[in-house]
Amino acid sequence: MNELELIQEYEKERMKNIPESERQVYHLTPAVGWLNDPNGFCFYNGRYHLYYQYNPFGTNWDVHMRWGAWSSEDLVHWQYEKAAFVPDQSYETGVYSGSAITGKDGKMLVMYTAHYDEKVPADESTPLGKLASPGSVRDEYETQCIASGDGYTFEKSEHNPVIGLDQLPEGSFAGDFRDPKIWLSEDGLYYVIVANRRADNGFGRLLLYRSEDAVTWEFVTTLIENDGSLGRMWECPDMYQLDGKTVIVSSIMALSTCDPHLRNGYTPLAFVGDYDKDTHRFIQKDAERPSPQPVDLGFDFYAPQSMLAPDGRRIMVGWMQAPEAGGNAPERQKWYGMMSVPRELSVKEGHLYQTPVREIRNLYTDSVSEEAHIRGEDVIIAGICGRAADVTVSAEHLERKFEMKFASDGEHYVSLSYCPDCGTLTLDRTRQNRSSSICEIRKVQIGKNDHIRLRVLIDRYSFEIYVNDGAQVLSGTIYELPQEAEGISFSCVSADVKVEKHGMGTIWSAGTNIV
Ligand code: FRU
């Protein structure tokens with residue numbers, strides 16, 4: 001048995017020990033163990049495919065990353081597939097993040113980062129001599145590789161790595177060169193955007209390469225770079241055209257900011273601008289320096305990746321976890337890490353909007369719609385509750401603070417409150433019963449108004465909050481909040497509310513096990 005087959009056997013056996021009742025109802029979780037970034041999100045040969053950074057052997061990240069796999073017909077009903085990639089070549093000790101498209105030959109074309117760490121040799125032979133620039137000695141570096149296949153089994157190219165260290169622009173740090181996002185352009189060429197870090201100051205930058213055949217690549221330009229005001233290294237780049245604009249997204253490491261419109265820490269940012277195809281320049285009008293907007297202002301969202309659906313929709317999925325909370329899996333947790341629901345993206349007046357993919361309605365089990373006048377504390381509306389639910393609240397004529405509690409048993413809950421006079425939305429999960437010290441309160445400026453619209457996707461271990469039709473999103477995990485806590489209540493001096501609640505059914509059409 002080779003390494004890939006061993007892992008496939010292992011995950012098949014171990015996932016039998018995780019009953020569906022211990023998983024999310026409608027969010028993707030790893031077959032077993034640890035999950036981080038979404039990888040290779042694409043529509044290929046009539047099915048959606050989504051892969052993930054995967055360590056089946058523990059609820060922690062580890063350097064030997066592999067790719068786990070799922071597939072789906074409609075983006076909401078999923079099936080576990082066998083693990084797709086493990087580090088099994090002399091040039092890699094970890095298979096890091098990457099992307100997938102339909103290649104010119106009709107096969108699925110995957111491009112990923114081969115992480116190589118000499119301290120953790122994959123086998124006896126060392127590829128260092130072949131890869132490192134002459135005269136330099138490195139023990140840790142990253143290169144870009146390709147593989148092709150049918151979505152389930154793949155063959156790595158004999159030409160790997162296809163973008164080596166000798167193709168890095170001058171002054172690059174070879175230890176951080178990763179996460180290729182590939183696309184096939186109208187001009188018939190493959191393009192790929194890859195994250196890298198400058199050696200001198202450690203700041204991230206996003207590089208563009210192009211190729212006829214995905215094997216021989218040519219460096220085109222640095223599309224955008226950190227001037228030092230936006231964290232350190234940048235990871236997981238994405239780039240696409242949407243509603244007449246060009247959007248570049250990257251996940252920022254270690255952002256320290258006092259800007260009230262951003263959040264600090266590890267966080268994805270979106271840059272909305274224009275791309276000149278002839279000069280390959282990305283321009284943000286009226287901005288002297290890269291001017292970003294946050295992709296998600298909650299606690300747990302990182303490394304999102306998008307794909308183009310056959311009907312033209314741009315759909316994004318993200319890892320619902322703060323990387324900083326990576327070492328904090330609760331005791332006895334058999335899996336750790338999850339994906340957001342796929343989100344439809346749009347750009348209006350230069351702003352990126354997100355809404356849950358419309359197919360989510362295929363999961364609705366029961367629906368309740370109510371109108372009520374709220375006056376007082378913790379008002380409950382008949383039929384509005386649930387721990388696996390899609391709840392939309394339109395609240396109007398607000399007099400002072402409006403608060404919604406969900407996943408509540410009275411003692412434990414998540415609280416979301418909006419102050420119409422100061423325009424602040426406060427998300428508070430202090431009462432989530434977590435046994436480790438992680439971020440529990442966020443305050444977001446959304447503007448002063450006497451109304452607000454909140455769509456809250458609640459699941460057993462998470463929530464996603466879409467504010468004012470997706471102008472802002474706040475996601476978070478609630479791993480230890482008791483499962484019986486399913487109450488929803490509202491508080492306000494006076495408010496008129498319309499509430500729509502849909503119960504959510506499972507995403508596992510064929511049971512959870514790998515077949
Ligand atoms: C982001 C990331 C990527 C890398 C992967 C490794 O979370 O650090 O940059 O490819 O995770 O698991």
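1. A good place to start is the ligand, which sits in the second largest pocket. Here a pocket is an open set of points on a 1 Å grid over the protein atoms alone, where a 1.4 Å probe fits, with protein on both sides within 12 Å along at least five of seven lines. A molecule sits in a pocket if more than half of its atoms lie within 2 Å of its grid points.

2. Before going on, please keep in mind that this is a predicted model, in which local features need pLDDT of at least 70 and side-chain atom pairs count only at pLDDT 80 or more, while totals for chains, interfaces and linings use all residues. Residues are numbered from 1 along each chain as its sequence is written, and side-chain values use heavy atoms, with hydrogens and water left out.

3. Now the contacts. An oxygen atom of the ligand lies 2.6 Å from a polar side-chain atom of Asp-179, and for Arg-178 the distance from a polar side-chain atom to a ligand oxygen is 2.7 Å. Asn-36 has a side-chain N or O atom 3.1 Å from an oxygen of the ligand. A polar contact with the ligand is a pair of N or O atoms within 3.5 Å. The protein buries 91% of the 320 Å² that the ligand exposes when taken alone, with areas from the Shrake-Rupley method and a 1.4 Å probe.

4. Around the ligand there are 13 residues, and the closest are Asp-37, Gln-53, Arg-178, Asp-179 and Glu-235; a heavy atom within 4 Å is what counts. Six residues of this shell are nonpolar, three polar and four charged.

5. You may also like the aromatic side chains, which form 27 pairs (ring centres of Phe, Tyr and Trp, the last by its six-membered ring, within 6.5 Å). Tyr-51 and Trp-67 have ring centres 5.6 Å apart and planes at 40 degrees, so this pair is tilted, as planes under 30 degrees apart count as stacked and over 60 as edge-to-face.

6. Two backbone spots deserve a look. The peptide bond from Asn-160 to Pro-161 is cis, with omega near -10 degrees. Ala-214 is not a glycine, yet has a positive phi of about 70 degrees. For background, most residues other than glycine have a negative phi, and most peptide bonds are trans.

How values were computed:
Polar contact = N/O pair within 3.5 Å; in protein donor to acceptor, adjacent residues only side chain to side chain. 1 Å grid on protein atoms, 1.4 Å probe; cavity = no way out; pocket = protein on both sides within 12 Å on 5 of 7 lines; lining within 4 Å. Nonpolar A, V, L, I, M, F, W, Y, C, P; charged D, E, K, R; others polar.
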